Amino acid sequence: MRLILVGPPGAGKGTQAVHLAAHYGIPHISTGDIFRLNIKNETELGKLAKSYSDAGNLVPDSVTNEMVRDRLTHGDVANGFLLDGFPRNVAQAEFLRAILAEKSAPIDAALEFSLEDAEILLRLTGRRTCRACGTSFHIVFEKPAVDGICDKCQGELYQRQDDSEEVITHRLAVYAEQTQPIIAFYRSEGLLISIPATGEVSEISARAISALSAAVN
Ligand code: AP5
């Protein structure tokens with residue numbers, strides 16, 4: 001299963017990716033997580049990515065595309081993968097199609113998660129992320145057992161730099177302008193599956209798995 005998750009910031013792509021990757025036994029590849037790991041480790045890539053991601057802008061395609069090309073050479077993608085946060089514009093979608101065509105391994109489906117802006121704002125302003133393992137929590141919807149501490153690894157929870165109301169508003173505008181056109185791209189390829197991202201996390205996963213079973217052999 002080779003899957004892409006598309007949707008506005010805060011729609012729950014990362015949350016769903018964890019469940020879907022476990023269900024299908026495939027690696028979860030999040031370009032946002034790769035950038036954040038590099039920012040934490042203060043690599044050259046991280047220094048470059050930080051200036052873009054803190055402001056809610058996309059990192060240049062030349063950098064992101066090569067990072068994904070390299071990631072897709074790792075052995076763990078032999079039986080499939082789930083891409084979360086890539087592609088983010090039509091040029092990235094065309095790049096991905098080309099590199100997968102070289103491997104005769106096209107994607108099976110693009111899952112679009114849709115959610116109203118008001119709900120997105122609630123989800124993102126309340127999100128807390130583990131500094132050590134990257135797991136997302138929410139101060140109301142997905143509370144950790146102990147405030148400020150990750151349930152999985154006991155790491156410290158922090159608020160992402162790009163989760164301020166001002167940057168969220170900008171990210172939504174960037175999504176509408178640059179990312180939304182890939183919905184039409186995947187629709188025209190016959191690969192788009194749209195899933196309402198409202199309700200409980202488990203309900204949304206069940207919806208996605210059921211839609212995928214119907215669409216992908
Ligand atoms: P990235 O990390 O990809 O950010 P994003 O797309 O904006 O998505 P988010 O991680 O904010 O949200 P999500 O949809 O994963 O929601 P989550 O599951 O966490 O990218 C960050 C930056 O990196 C970009 O701005 C850019 O600079 C750069 N970048 C990354 N990819 C790039 C690319 N391809 N090209 C160029 N630049 C790139 O959920 C959010 C919250 O809601 C959590 O608190 C969660 O607990 C809660 N929640 C989830 N589901 C539910 C539910 N059903 N009910 C209630 N709460 C819920």
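**A parallel sheet and its helices**

In this predicted model, helix α9 (residues 201-215) lies across strands β1, β4 (109-114) and β8, and its direction makes an angle of about 155° with β8. An angle over 145° counts as roughly antiparallel, so α9 and β8 can be described in that way.

The sheet beneath this description is a good place to look next. It is open and built from five strands, in the order β2-β3-β1-β4-β8, with parallel pairing. Strands β2 (28-30) and β8 (192-196) stand at the edges; each has a single partner strand, and therefore one side of each is left without a neighbour in the sheet. From one strand to the next, the twist averages 20°. Strands of a sheet pair through backbone hydrogen bonds, in either a parallel or an antiparallel manner. Here, strand β1 (residues 2-6) and strand β3 (residues 81-84) run parallel and are joined by four bridges. Within this pair, Leu3 stands opposite Leu82 of β3.

Turning to the helices, a packed pair is described by the angle between the two axes and the distance between them. For helix α2 (residues 31-40) and helix α4 (residues 61-71), the axes come within 11 Å and cross at roughly 100°. The two helices, α2 and α4, are therefore roughly perpendicular to each other. At their contact, α2 contributes Thr31, Ile34 and Phe35, which meet Thr64, Met67 and Val68 of α4. By residue class, the contact of α2 with α4 holds four nonpolar and two polar residues, and no charged ones.

Conventions:
Residues numbered from 1 in each chain as written. Predicted model: local features only at pLDDT ≥ 70, side-chain atom pairs only at ≥ 80, totals over all residues. Heavy atoms only, no water. Pairing = 2+ DSSP bridges. Axes fitted to C-alpha atoms, helices over the stretch in contact; angles between N-to-C directions. Contact = heavy atoms within 4.5 Å. Parallel < 35°, antiparallel > 145°, perpendicular 65-115°, else oblique. Nonpolar A, V, L, I, M, F, W, Y, C, P; charged D, E, K, R; others polar.
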